Structure formats: C-alpha cells, structure tokens
Amino acid sequence: PGAGTPGITAIPVPPVLEYVLDADSERRRLGHAPRVSFLSRRPSDPEHQFSDTVELPRQHARACVKATFQLHDGIRDKLRPITVTLTYGIRGTAPGRPSRGAALPPLSPVL
C-alpha cells in the first residue's frame, strides 16, 4: 500500500465547437433587409443568424447539425445568390473573435 492519499485525476472535458451561420451578410452590409429567416433559432439570435454548439468527444469525430432557413414572402431580388457564412471557434480558447470559416458553396437560385 502507498503512503498518503491518492491523487485526484482530472477527467478531460471534450472540447465544444461554437458556430454561427449568417445568411445574406453582403446584402445587409449594403443596407438591405435579409431575404431569409432561420427556423428554430435561439431567441437571442437575429432572424438571419443561427448559432449553436457541438461537443467533440474525440479527435476526428464527425457530427451533423441541421439548420433550415425560409425565404421571406415578396422578395424582389431572386437572381443574386443567398450566401451563408460560417464563423466558428472552440469554447474556452483565448478570448476574441471566433475564427472565420470559408463561405459555403453558393446555393442555386430559387424562383
């Protein structure tokens, strides 16, 4: 038997990925209203954003999330694509802006 009390081993907490999907940001930057609203977004999210977290239990683990947006009625600009950007970061890392991911591939226009 060993002397003293056994050491306490910390259980590692899996990292958590925080992300924000932002739709029609270029159009909004020009002062126009967004053409879409995300469904099932958090009450604190604006209609054109969807944010959530994903727990990463181990390296190379895959996780899928689903975010659905709806076109507003009566939109006039039906030819320009609706761009969706992804901003993400690991919770608990150095404070500051989350890393900005690449823009998602353009969606086909909806007529």
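## Pro15

Pro15 is partly exposed in this predicted model, with a relative accessible area of 38%; partly exposed lies between buried, under 20% relative accessible area, and exposed, over 50% (1.4 Å probe, protein chains only). The residue sits in the segment before strand E1 (16–23). Strands (E, at least two residues) and helices (H or I, at least four) are DSSP runs, numbered from the N terminus.

Apart from neighbours within four places in sequence, Pro15 is in contact with Val54, Glu55, Leu56 and Ile90, where contact means heavy atoms within 4.5 Å. Its C-alpha atom is separated by 6.9 Å from that of Arg91, although the two residues are 76 residues apart along the chain.

## Basis of the values

The model is predicted: local features need pLDDT of at least 70, side-chain atom pairs count only at pLDDT 80 or more, and totals for chains, interfaces and linings use all residues. Residues are numbered from 1 along each chain as its sequence is written, and side-chain values use heavy atoms, with hydrogens and water left out.

## Chain overview

The protein chain has one helix and six strands, in the order β-α-β-β-β-β-β from the N terminus. Of its 111 residues, 22% are buried. Among contacts with a separation of 6 or more, 66% are between residues 24 or more positions apart.

The accessible surface is about 8900 Å², and carbon and sulfur atoms account for 56% of it. This area comes from the Shrake-Rupley method with a 1.4 Å probe.

## Nonpolar core

The largest nonpolar core has nine residues: Tyr19, Leu21, Ala23, Val36, Phe38, Phe50, Val54, Ile82 and Val84. At least two of these come from each of E1, E2 and strand E3 (49–55), and E1 gives the most, with three residues. A nonpolar core is a set of buried Ala, Val, Leu, Ile, Met, Phe, Trp, Tyr and Cys residues joined through side-chain atoms within 4.5 Å.

## Arg35

Arg35 lies in the loop between helix H1 (25–29) and strand E2 (36–38). With a relative accessible area of 3%, Arg35 is buried.

The side chains of Arg35 and Asp24 are joined by a polar contact of 2.8 Å. Such a contact is a pair of N or O atoms within 3.5 Å; within protein, one must be able to donate a hydrogen and the other to accept it, and residues adjacent in sequence count only if both atoms are side-chain atoms. A polar atom of the Arg35 side chain also lies 3.0 Å from the backbone oxygen of Asp77. Beyond its neighbours within four places in sequence, Arg35 is in contact with residues including Arg27, Gln70, His72, Arg80 and Ile82.
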